[in-house]
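Welcome to this guided tour. Open the structure in your viewer, keep the selection tool handy, and follow along stop by stop.

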Amino acid sequence: MDTTQNPWGVMTAPSLVMFDLDGTLVDSLADLAASVNFMRSSFGLPPLATETVRQCIGKGARNLVGRTLPERADDLDRGLDLFLEHNGANIAVHSRLYPGVLPLLAALRDAGVFLAVVSNKPTVLCRQLLDVLEVADWFGTVLGGDAVAQCKPWPDPLLLAMEQAGVVAPAAVMIGDSSNDFDAARAAGVRSIACTFGFGEPWEMELADSRIDSLEALLPLPF
Ligand SMILES: O=C(O)COP(=O)(O)O
């Protein structure tokens with residue numbers, strides 16, 4: 001099989017495709033940076049560059065706040081409240097689906113594939129973002145970082161999504177943009193595809209089984 005031509009790496013349809021959310025389905029960086037900088041301004045702190053915020057995304061909201069509020073390590077809970085409240089109220093001011101999301105979801109659904117979102121973002125914000133961008137109905141399961149005791153890079157949320165879909169690991173694929181996604185996939189025994197256009201660093205992309213520069217590269221489906 002020529003996997004350079006076929007980033008899916010399989011010729012038969014997976015039964016379940018799990019998508020990361022931030023940096024994979026949705027370019028949410030500007031809104032996340034705005035919420036981080038709202039939080040920082042509430043503490044009288046100067047804004048961070050968007051690029052700096054990008055490097056801190058991936059291990060959930062609490063981790064993001066901890067990394068972007070190092071001056072106030074004792075105020076993490078208040079910082080998290082400020083961040084979550086602002087992000088909830090401004091979930092998609094700038095956030096947009098990446099090119100190719102809708103045709104990909106449609107093609108997968110037509111192929112009978114169960115679709116899931118497995119994110120480290122809080123579940124309520126995942127649902128809100130998917131609703132506002134009018135794609136919530138595509139997904140049979142939406143699991144945020146609070147859906148399990150240990151979020152990505154632990155395999156737990158992928159295992160839960162597979163359980164909910166009634167699918168075993170060899171029949172599942174994880175599409176993401178960070179080491180959290182690919183480490184979780186490997187630990188769950190699931191094939192992974194890296195979105196190089198997302199928020200991860202180049203070294204992280206090497207942890208996936210294959211890489212794509214656009215979701216459009218996943219079409220036409222090879223199965
Ligand atoms: O909220 C985060 O830390 C990242 O969310 P993601 O798992 O959808 O990329």
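**Stop 1: a strand in the middle**

Select strand E6 and look at its side chains: Ala 172, Met 174 and Gly 176 point one way, Val 173 and Ile 175 point the other way, and all of them are buried. A residue counts as buried if 20 or more other C-beta atoms lie within 10 Å of its own, as exposed if 12 or fewer do, and as partly exposed in between, with C-beta atoms placed from the backbone. Strand E6 covers residues 172–176, and since five of its five residues are buried, it is largely enclosed by the rest of the structure.

Before going on, a word about what is on your screen. This is a predicted model, in which local features need pLDDT of at least 70, side-chain atom pairs count only at pLDDT 80 or more, and totals for chains, interfaces and linings use all residues. Residues are numbered from 1 along each chain as its sequence is written. The names of the elements come from DSSP runs numbered from the N terminus: helices (H or I) have at least four residues and strands (E) at least two.

**Stop 2: the partners of E6**

Which strands pair with E6? Add strand E1 (residues 16–19) to your selection: E1 and E6 pair in the parallel sense over four bridges. Two strands pair if DSSP finds at least two bridges between them. Zoom in on Phe 19, whose bridge partner in E6 is Ile 175.

Now add strand E7 (residues 191–195), which runs parallel to E6 and is joined to it by four bridges. Ile 175 appears again here, standing opposite Ile 193 in E7.

**Stop 3: helix H8**

Next, select residues 179–188, which form helix H8. Is this helix largely enclosed or largely open? Seven of its ten residues are buried, so H8 is largely enclosed by the rest of the structure. Highlight the buried ones: Ser 179, Asn 180, Asp 181, Phe 182, Ala 184, Ala 185 and Ala 188. An α-helix has 3.6 residues a turn, so residues three or four places apart point the same way.

What covers the buried residues of H8? The cover includes helix H7 (156–165), E6, E7 and helix H9 (202–205). Step past the end of H8 to find Gly 189, which has a positive phi near 80°.

**Stop 4: Glu 204**

Move to helix H9 and pick out Glu 204. Glu 204 counts as buried because it has 21 C-beta neighbours inside 10 Å. Beyond its neighbours within four places in sequence, Glu 204 is in contact with Ser 178, Ser 179 and Phe 182. Two residues are in contact if their C-beta atoms, placed from the backbone, lie within 7 Å. Try the distance tool from Glu 204 to Asp 181: they are 23 residues apart in sequence and 9.5 Å apart in space, C-alpha to C-alpha.

**Stop 5: some backbone details**

Select Glu 134 in the loop between helix H6 (123–132) and strand E5 (141–143). Glu 134 is not a glycine, yet its phi is positive, about 60°. With 10 C-beta neighbours inside 10 Å, Glu 134 counts as exposed.

Then find Pro 153, in the loop between E5 and H7. A cis peptide bond joins Lys 152 to Pro 153, with omega about 15°. Another cis peptide bond runs from Leu 219 to Pro 220, with omega near -5°. Look for Pro 220 in the segment after strand E8 (210–212).

**Stop 6: two domains and a ligand**

Zoom out and colour by domain: domain 1 is 16–27 + 95–218 and domain 2 is 29–89, with bounds from an automatic or database domain assignment. Their centres, taken over C-alpha atoms, are 23 Å apart. Where the domains touch, 13 residues of domain 1 are in contact with eleven residues of domain 2.

Finally, show the ligand. Of the 13 residues around the ligand, Leu 21, Asp 22, Ser 119, Asn 120 and Lys 121 come nearest; a residue is near a molecule if its C-beta atom, placed from the backbone, lies within 6 Å of it. Domain 1 and domain 2 each give at least three residues to the shell around the ligand.
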